Amino acid sequence: MAKRAVHVAVIFISSTHSFTAICLSVLVAFAAFETVHCDSVFSAGHTATGPIGAAKDLRYLLYDVNPPEGFNLRRDVYIRMASLVKTLRKEGDDWVLVLPPWGRLYHWQSPNLHQIHIPWGEFFSLTSLQANVPVIEYEEFIAENGGPFIDQVLILQNYAEGWTDGKWEEKVDERPCIEKLMYNKDKQGYYRGWFWGYEETRARNVKCLSAQGHASIMAPVLQKNITVTSVMLDRAETLLHDHYAGKDYWDTRRSMVFAKHLRLIGDDFRQKYLNSTDEKDHTIYSEDWTRMKAKLGSAKGGPYLGVHLRRKDFIWGHREDVPSLKGAVKKIRSLMKKHKLDKVFLATDADEEELRELKTLLPDMVRFEASAEDLELFKDGGVAIIDQWICAHARFFIGTSVSTFSFRIHEEREILGFDPKTTYNRFCGDSEKECEQPTHWKIVY
Ligand SMILES: Nc1nc2c(ncn2[C@@H]2O[C@H](COP(=O)(O)OP(=O)(O)O)[C@@H](O)[C@H]2O)c(=O)[nH]1
Ligand SMILES: *[C@@H]1O[C@H](CO)[C@@H](O)[C@H](O)[C@H]1NC(C)=O
Ligand SMILES: *[C@@H]1O[C@H](CO)[C@@H](O)[C@H](O)[C@H]1NC(C)=O
Ligand SMILES: [Mg+2]
């Protein structure tokens, strides 16, 4: 039975051009001889060490995030997981990060679009990601792994008792699950769950771990306590950054290059509607992120004000740090005047009613409005990336308080080499007293 599964996988694989997969299957088939090994499969500077026959075991780290979290917080969790995988690879096995398919995100509300099972390659450049840490798409994992099975799911949770003695310490322990389990045992004894909408996927084992600390506190557990091949961390956002805004953070962040087709659409829009090109604006981009090292202040940006105005759930709570539309437009007008910009590009998730109001208040604003065909191609996620890309190239940018969507634009501008004064700006609430501006996080190369 197991043998057959491998065979099927090989046939499937050869049609999806996955060399890793073929190599692995060969390994499985000839395991007894232990002469074939699959180093150099990844472009991630992986060098073969040790004699033939001492090949490291290939292991897979999968993860998922709390369902209500949006796209840009998920990008942040990816950075934490990439850091964990780097730690894991320093000793022991040959870990690979499996990219969790995008789908069923709360904010992706365009009707009649099938927005699940979306591979990372639709939004990001996979070769760029791979130059940082070995990653594979989920469907590649299924093929390599000989089927839709995950050996062990670890659901991360906090400690039921909170911090004991009010003292922070890093720790991880197996504990009873605090919340209702989102996985159910089927008749065969496998666990069924959401698994990014892949109904065939099953887990062999599920348990809860209370974890408090940085992503890499999971390394000893994954190296010593757990020996199975594929491990999924659910609620991975429970883990903190190993070193926020450190070199490793920035390496991973810089490797998250947007997919080329989305950048091209954004560039085309800049040229057509905003009189903005990389040559004129000094925002030359290198396809290879490892060679991208723009000096702060070297980027000029296109002759427009870039605005990210977050609405929806940000205004439902009547937060005092988010402006009214009138307040936002007043600020936009004053910034245009101050920076002598006669064009404004507006990225927003405002609803129809607010959009109408915005059009009256700011009739000359420029927005990226995807046609029905474009939306079908790029999906809500791609359109949001195009919005971010255009904001990232503006001469001056202002975003929304504590929006990860705005934060990711800050980082993109930092990579492009903008003067921080033109980037770390946010709207203030209409009657907000102390309107603290965003922090400047410098790239560590
Ligand atoms: N196209 C587009 N979508 C947006 C914009 N602002 C918010 N969204 C959508 O709303 C989501 C907001 O969630 P998230 O990415 O977590 O950012 P945050 O909630 O602002 O921190 C985004 O991922 C987009 O899907 C915008 O300016 N343009
Ligand atoms: C891992 O194994 C060690 C040693 O057996 C044990 O003390 C520890 O509690 C285990 N940790 C987890 C999270 O299972
Ligand atoms: C576009 O920008 C250039 C300067 O970079 C300027 O000379 C030209 O007049 C602008 N074109 C339009 C249509 O605004
Ligand atoms: Mg969010």
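This short presentation describes how two ligands are held in the structure shown above. Please keep in mind that the model is predicted.

Let me begin with ligand 1. Ligand 1 sits in the largest pocket. Its shell consists of 17 residues, and the closest of them are Asn72, Arg310, Asp387, Ser403 and Thr404. By character, this shell divides into seven nonpolar residues, seven polar residues and three charged residues.

Which elements give two or more residues to the shell around ligand 1? They are the helices α3 (71-90), α13 (372-392) and α14 (404-416), together with the strand β13 (344-348). Among these, α3 gives the most, with three residues.

Where does ligand 1 lie with respect to domain 1 and domain 2? Domain 1 covers 59-163 + 170-247, and domain 2 covers 258-422. Both domains give residues to the shell, and therefore ligand 1 lies between them.

I now turn to individual polar contacts of ligand 1. A polar side-chain atom of Thr404 is found 2.6 Å from an oxygen atom of the ligand. For Ser403, an N or O atom of the side chain is 2.7 Å from an oxygen atom of ligand 1. Ala347 takes part through its backbone: one of its polar backbone atoms is 3.4 Å from an oxygen atom of ligand 1. As for how much of the ligand is covered, ligand 1 on its own has 560 Å² of accessible area, and the protein covers 91% of that.

Let us move on to ligand 2. Which residues surround ligand 2? They are Val172, Glu174 and Asn225. Asn225 also makes a polar contact, in which an N or O atom of its side chain is 2.4 Å from an oxygen atom of ligand 2. On its own, ligand 2 has 360 Å² of accessible area, of which the protein covers 41%.

To close, I return to the main points. Ligand 1 occupies the largest pocket and lies between domain 1 and domain 2, with 91% of its accessible area covered by the protein. For ligand 2, the covered part is 41%, and its surrounding residues are Val172, Glu174 and Asn225.

Notes. Residues numbered from 1 in each chain as written. Chains lettered and ligands numbered in written order. Predicted model: local features only at pLDDT ≥ 70, side-chain atom pairs only at ≥ 80, totals over all residues. Heavy atoms only, no water. Near = heavy atom within 4 Å. Polar contact = N/O pair within 3.5 Å; in protein donor to acceptor, adjacent residues only side chain to side chain. Areas by Shrake-Rupley, 256 points an atom, 1.4 Å probe, with all protein chains shown as cover. 1 Å grid on protein atoms, 1.4 Å probe; cavity = no way out; pocket = protein on both sides within 12 Å on 5 of 7 lines; lining within 4 Å. Sits in = over half its atoms within 2 Å of the grid points. Helix = DSSP H or I, 4+ residues; strand = E, 2+ residues; numbered from the N terminus. Nonpolar A, V, L, I, M, F, W, Y, C, P; charged D, E, K, R; others polar. Domains from an automatic or database assignment.
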